[in-house]
Amino acid sequence: MKIRKNTYLVVGFLSVIIFSTTWFIRSKQEETDLLVPVKKGDFQILVMANGELEAQNSLKINAPEEAFRSAKVFQVKIADLVPEGTFVKKGDYVATLDKVEMSERLRTMETEINRLRNQFNQNKLDTSLLLRAERNELTNWKFLVQEKELALKTNQYETPAQVKQLQIELEKAKRGYQQSLETYRLKQQQALVKIGETTVSLAQEENKYQEIRKLTESFVVKAPADGLVIYHRDWNGQKKAVGAYVSAWDAVVATLPDMSTMVSRAYVNEIDISKIKEKQKVIVKVDALPHKNFEAEVLSISTIGEQKAGSQIKVFEVKIQLLEMDKALKPTMTTANTIICETIKNVYAVPLDALYSEEDNTNYVFAKKNNTLVRQQVRVGKSNNNEIIVLEGLEKGDLVYLSIPEKARKLPLQTLGKK
């Protein structure tokens, strides 16, 4: 009897240990299976986009673009520029454009001007000598004509043959004089044309020289008004800083923003851009002011996408206008923009992590209904970055698993319409 009693005690003790161990393991397993309740309420479809603050309107600080055109200068490098964010008053120094290239060009032009001046003087000298020789030749022919006329007059009573000979010589002298006179006129015109061409070339080069010199004098750029200097973005989105180029087609060195109206320039990927519409409400968080949110709305949406640097994803520019202002806001501050695309009233929603799909696109969740684990089919609707609407299959009070419970895949699928 004593042995049987001891046996019962040992068996009972072992049973307690096994039950306790099983209960502990199951408790640990339930602890690892994270359950969340099905939410019911307003569901928002949101798009997140990072951006950068800028003034909606800005006054441009330009290089002398008209001088660029007149001097036929294509581009000039920015040699110096005040730091971004510097407050300047009208007439204050902003930037200096690189004069090295212009100085080299001026030296080259000075050399060309000196060459043309020397050529002009040489042409005048050559013309003077040439025409002097032609005038001497013309004078000689003139004297010869006079001589032959005198001889004919003196010997008019000689024999007809002698008179005829004198007349022939006079005609030859007159022809020589006319030819010499025509040659003189042609060479005079030729010399004048040559001198004229040199004069025109010299005048053109001197005008260019004065334009370049005037342009170089305007290479110190000053502020056209009071304001905060913000660097201008080039066509490729890069800021123009020291070393960048300005030209007659894009002569903007920097800008003076109007701080009364600010926008956030953001970029939305091509997957989400169809959700964005003008006038949609936006919550803007500024990284520099983490404890404050700003109300805003979508101002404009670009119709042309652009390639994101280092990626195959295309993005579209979206401008978001802030509806409230703060003196602490400054251009170039980075922003986190939450665009509220749509609000759906009074619906059920679960985390995206709780949703699974079969190969036939049947959607289901692992849910706890009335303390029972089930694999429940659901019909879903729209989603946002974190959650998805459940149109059918779950009710208030149900819980869903964020990970697959142990051996839960073997559970039969509870299809819609079945309890």
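1. Is E84 buried, partly exposed or exposed? In this predicted model, E84 counts as partly exposed, because its relative accessibility is 29%, a value that falls between the 20% limit for buried residues and the 50% limit for exposed ones. The side chain of E84 meets that of K239 in a salt bridge, with 3.2 Å from N to O. Since E84 lies in the loop between β4 and β5 (87-88) and K239 in the loop between β9 (230-231) and β10, the pair ties together parts that are 155 residues apart in sequence. K239 is likewise counted as partly exposed, with a relative accessibility of 29%.

2. The structure holds 17 salt bridges, and a second one to look at joins E54 and R265, whose closest N and O atoms are 3.0 Å apart. This pair also links distant parts of the chain, for E54 belongs to strand β2 (residues 39-55) and R265 to strand β12, 211 residues apart. The surroundings of the two residues fall into separate classes: E54 is buried, with a relative accessible area of 17%, whereas R265 counts as partly exposed at 22% relative accessibility. The pair is part of a network of salt bridges in which E54, R265, E317 and K319 are linked.

3. A further salt bridge is formed by E392 and R379, with the closest N and O atoms 3.4 Å apart. Here E392 lies in strand β22 (residues 387-392) and R379 in strand β21 (residues 379-383), so the pair ties together parts that are 13 residues apart in sequence. Both residues are in the partly exposed class, E392 at 35% relative accessibility and R379 at 43%.

4. Turning to the interior, the largest nonpolar core has 31 residues, and the members that touch the most other members are I78, L81, V94, L97 and V253. Two or more residues of this core come from each of β4 (75-81), β6 (93-97), α3 (100-154), α4 (160-217) and β11 (252-257), with α3 giving the largest share, five residues. A second, separate core has 29 residues, among them L53, A55, V318 and L322. As a general background, nonpolar side chains tend to be buried together in soluble globular proteins.

5. V253 deserves a closer look, since its contacts can be listed by name. Leaving aside residues up to four places away in sequence, V253 touches I61, N62, A63, I78, L81, A95, H232, K240 and V246. Of these, I78 and L81 are also named among the core residues that touch the most other members.

6. Strands β4 and β6, which contribute to the largest core, also take part in an open sheet of four strands, whose order is β7-β6-β4-β10 and whose pairing is antiparallel. Because β7 (220-222) and β10 (245-247) stand at the edges and each has a single partner strand, one side of each is left without a neighbour in the sheet. On average, and with direction ignored, neighbouring strands of this sheet are turned by 40° against each other. The antiparallel strands β6 and β7 are joined by three bridges, and A95 stands opposite V221 in β7.

7. Strand β19 (residues 363-369) is mostly covered, with six of its seven residues buried, and its pairings can be followed one by one. With strand β18 (residues 356-357), β19 pairs in the antiparallel sense over two bridges, and Y356 has Y364 of β19 as its bridge partner. The hairpin of β18 and β19 has five residues between the strands, and N361 takes a positive phi near 65° there.

8. On the way to strand β20 (residues 372-377), six bridges join β19 to its antiparallel partner, with K368 opposite L373 in β20. β19 and β20 form a hairpin with two residues between them, in whose turn N370 has a positive phi of about 55°. β19 also pairs in the antiparallel sense with strand β23 (residues 399-401), over two bridges, where the bridge partner of K368 is L399.

9. A last point concerns D272, which is placed in the loop between β12 (262-269) and β13 (281-286). Although D272 sits in a loop, it counts as buried, because its relative accessibility is 17%. D272 and V47 are 225 residues apart in sequence, yet 7.0 Å apart in space from C-alpha to C-alpha.

How values were computed. Residues numbered from 1 in each chain as written. Predicted model: local features only at pLDDT ≥ 70, side-chain atom pairs only at ≥ 80, totals over all residues. Heavy atoms only, no water. Core = buried A, V, L, I, M, F, W, Y, C linked by side-chain atoms within 4.5 Å. Buried < 20%, exposed > 50% of the residue type's maximum accessible area, 1.4 Å probe, protein only. Contact = heavy atoms within 4.5 Å. Pairing = 2+ DSSP bridges. Axes fitted to C-alpha atoms, helices over the stretch in contact; angles between N-to-C directions. Salt bridge = Lys/Arg side-chain N within 4 Å of Asp/Glu carboxyl O.
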